[in-house]
Amino acid sequence: MRMPHTENLDIMTTPTIVSPKKNISKKTPSKKTPAKPPVLAKKMIARDISWLSFNARVLQEAADPSVPLRERIRFLGIFSNNLDEFFRVRVATLKRMMSINKATKMHLEENPGKIVDQIQTNVIDQQREFDRIWKDIAHELEAQHIFLRTEKHLNKEQQKFVLNYFNEQVRTNIIPLMIESIQQFPILRDKSIYLAVVLARQDNSVRQKFALIEIPSNVLPRFIILPSKEGEHDIILLEDLIRFCLPHVFSYFGYDKFSSHIIKVTRDAELDIDNDISDSLIHQIEKGLKDRRKGKPVRFVYDKDIDPLLLEYLIRRLGLSGKDNLIPGARIHNFKDFMDFPDSIFPPHSHRKTFIHPLFNDAPSVMHVIQRQDVMLHFPYHSFDTIIDLLREAAIDPNVSSIKITAYRLARNSKIVNALVNAARNGKHVTVVLELRARFDEAANIDWKSRLEDEGVKVFLGVPDMKVHAKLCVIKKRIGNKTVQCGFVSTGNLNERTAEVYGDHCLLTANRSVIADINRVFSYLENTRHDVKILEGCKTLPVSPLNMRDTYLRLIDREIKNAKNKKKAGMVLKMNSLSDPILITKLYEAAKAGVDIKMVIRGICCAYTENKKWKKDITAVSIVDEYLEHARVFIFHHGGAEKVFIASCDWMVRNLDHRVEAAVPITDPAIRKELADIMNIQLSGNVKARILDNQQTNQYKKDGDKKIRTQIEIYKYLREKQYH
């Protein structure tokens, strides 16, 4: 699962179960609302504890000796990056909830203090397991003649190389902070690691002093390959290179004895954007980004072998206490950088290659194919190039008049943006709905806004108090006196980089009813008042925040009714996270009635799956493998006339009430079967699937005589599939 940095986690903002935001009309048509809202289930798994269970599954991949060594190292990096973001967002949110000092019905977490205590216990246990796995991996690296050298294990040639590298590359990028002489303790930056140094003399003739050095891994490589013997690879970490050079850094102080240990502070990453209408949204976000740098510390990680006096001093100056998350760790921190561990030292790894969907092989026009029939792309098996080709074609086709598209997270050097810019240069009316509040991508999206507007693209910034998370596009074309339109609805971001590693589905279509609703969503997003009545016109697409949850509730009710009438009833649900209390309550009701419920949930699952009072327990698995399972698929038996949807959103309060999301029904029988086949493969997996039981102990699913690794089987299925 070669996941890029932030989207792998999909961290949640604080969930609420209040009614939708004030700009959502309370006059939603009654026929789309359940007659009686269900009583919320009291028995649910705390979502933060469930998320830690998910991250433990990532750690399992790092521990698995059958996983290639390079990938095991990367999984350690993913685990570390996930945990950093978890503390920045979720633990920070829980701590703010604790500060209220009273219960609030806004939040699912009834006892945030208890959850924080449980998080602390679980994280320390996982840290011990992490350290054990890393030791095993380090031994395996040595067996492959790959050595991580510290400052104490360098030969003379390497010492000379390190000193030269320090003088040429590092010296000008570090400025030691003599922290005892600074009245206002410096703000330690989130995502950075610091070398905490004790300076002393061997003869104890002067009092020891403390200093901090920020490791400049944002501008220099964390891993430096050293001169090595033939057949070996010696690597030193940047902080260890600096450790070796400490006598040169502090030469003018006269100290000759140094001890140093890595520390790291994780800060509250919430952007508290107020409703001051005199400030533009961009200004508020830029202010929030600055505030994030000095957010309250929510975790302090340190080398467990650190000098006790230095540790006590740092905790006091940082304003921390025993109630804060103080995590003792091993020598190395910020393991997220290990996602970029040097590839060159490993043997070439054969990998499944993405391929163009057969219907587009040798097709001169992507739009022409879509006009003939619906096509479903499955990433990362199918190439994302088809989406790029569609937009490029639209950019140069003289008959295309307009392109409208949503953008949540974009690749660093986005080909999507390049195609849109060229379309604008070619005189097309290009509209981009850009979400500035995509967590940890805010600054990048502000830059994209400027570039797009400079090129003549019309940019909308979404809806106040909501994120636009729907993945939509519509292209309008004039042929003679006739206007034709096509577009797509996707489960994943329009990001060619993440499309290489995220498992997603994208429906390319010219279906008139689907296109009409996509246009309605864009009309809503472009409307300055964001009038929800525009969304009420959607006849085909379920959309949030209007009727997405209600659509699923009605479909589940149909299955419950059929089960009670002794008819076949079932559903297959795939999503990243399940935490919405209303839908979980309805699932419990369905299980009690005997509905056959099968779920594939990668991350959070707040629902219990076993209950003696149910006629049928829920079957639920989580698949963690090379690719990140990111798609959302919902299949309802519906009396034999299957209802199949793909969607941009999970079953979470934030997605259903506080975001603009879209699902699309799949009407093409061949595509419905294709999705059902893929889901059946995932449900039959017994290599990378873990059972989501009530305790979420992450036991591997081991049934069946034949080993089925789902991502390999899906690749084979799609590679061999014949299309007509």
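Select Arg 299 in this predicted model, and then Asn 325, which is the bridge partner of Arg 299 in β8. Extending the selection to the whole of strand β7, residues 297-303, shows the pairing to which these two residues belong, for 5 bridges join β7 to β8 and the two strands run parallel.

Next, colour the sheet around this pair, an open sheet of 5 strands whose order is β3-β2-β6-β7-β8 and whose pairing is mixed. Its edges are β3 (209-214) and β8 (325-329), each of which pairs on one side only. Looking across the sheet, one finds neighbouring strands turned by 25° against each other on average, with direction ignored.

Stay with Arg 299 and switch on a display of internal cavities, of which a search of the whole structure finds 7 of 30 Å³ or more. The largest cavity holds about 140 Å³ of space, and Arg 299 is among the residues nearest its centre, together with Ser 80, Gln 127, Lys 264 and His 333, out of 13 residues that line it. Two or more lining residues come from each of α2 (69-100), α3 and β7, and α2 gives the most, with 4 residues.

From the cavity, follow helix α3 along residues 112-143. Its 32 residues should span 46 Å at 1.5 Å a residue, and a distance drawn between its end C-alpha atoms comes to 46 Å, which agrees. Just after α3, select His 145, which takes a positive phi of about 60°.

Helix α1, residues 47-63, can be examined in the same manner: at 1.5 Å a residue its 17 residues should span 24 Å, and its end C-alpha atoms are indeed 24 Å apart. If a surface is now added, how much of α1 is buried? The count is 13 of its 17 residues, so α1 is largely enclosed by the rest of the structure.

Move now to strands β14 (residues 471-479) and β15 (residues 482-490), which run antiparallel and are joined by 9 bridges. Select Arg 478 to find its bridge partner in β15, Thr 483, and then the hairpin of these strands, where 2 residues lie between them and Gly 480 takes a positive phi near 65°. On β15, continue to Ser 490, which stands opposite Cys 506 in β16; β16 covers residues 502-509, runs antiparallel to β15 and is joined to it by 4 bridges.

The last residue to select is Ile 405, in strand β10 (residues 400-407). Is Ile 405 buried or exposed? Its relative accessibility is 1%, and because buried means under 20%, Ile 405 counts as buried. Displaying its contacts, with neighbours within four places in sequence left aside, brings up Leu 391, Ile 416, Leu 420, Thr 431, Val 432, Val 433, Leu 472, Cys 473, Phe 488, Leu 494 and Phe 522. Of these, Phe 488 is worth centring on, since it lies 83 residues from Ile 405 in sequence, while the C-alpha atoms of the two are 9.4 Å apart in space.

Finally, zoom out to the whole protein chain, whose secondary structure comes to 18 helices and 26 strands. Of its 724 residues, 59% count as buried, and among contacts between residues at least 6 apart in sequence, 77% join residues at least 24 apart.

Key: Residues are numbered from 1 along each chain as its sequence is written. This is a predicted model: local features need pLDDT of at least 70, side-chain atom pairs count only at pLDDT 80 or more; totals for chains, interfaces and linings use all residues. Side-chain values use heavy atoms; hydrogens and water are left out. Buried means under 20% relative accessible area, exposed over 50%, partly exposed in between (1.4 Å probe, protein chains only). Contact means heavy atoms within 4.5 Å. Two strands pair if DSSP finds at least two bridges between them. Axes are lines fitted to C-alpha atoms, for helices over the stretch in contact, and angles run from 0 to 180 degrees between N-to-C directions. The expected span of a helix is 1.5 Å times one less than its number of residues. On a 1 Å grid over the protein atoms alone, a cavity is a set of points where a 1.4 Å probe fits but cannot get out, and a pocket is an open set with protein on both sides within 12 Å along at least five of seven lines; lining residues have an atom within 4 Å of a point. Grid points are joined across faces, edges and corners, and a volume is the space filled by probe spheres set on the points.
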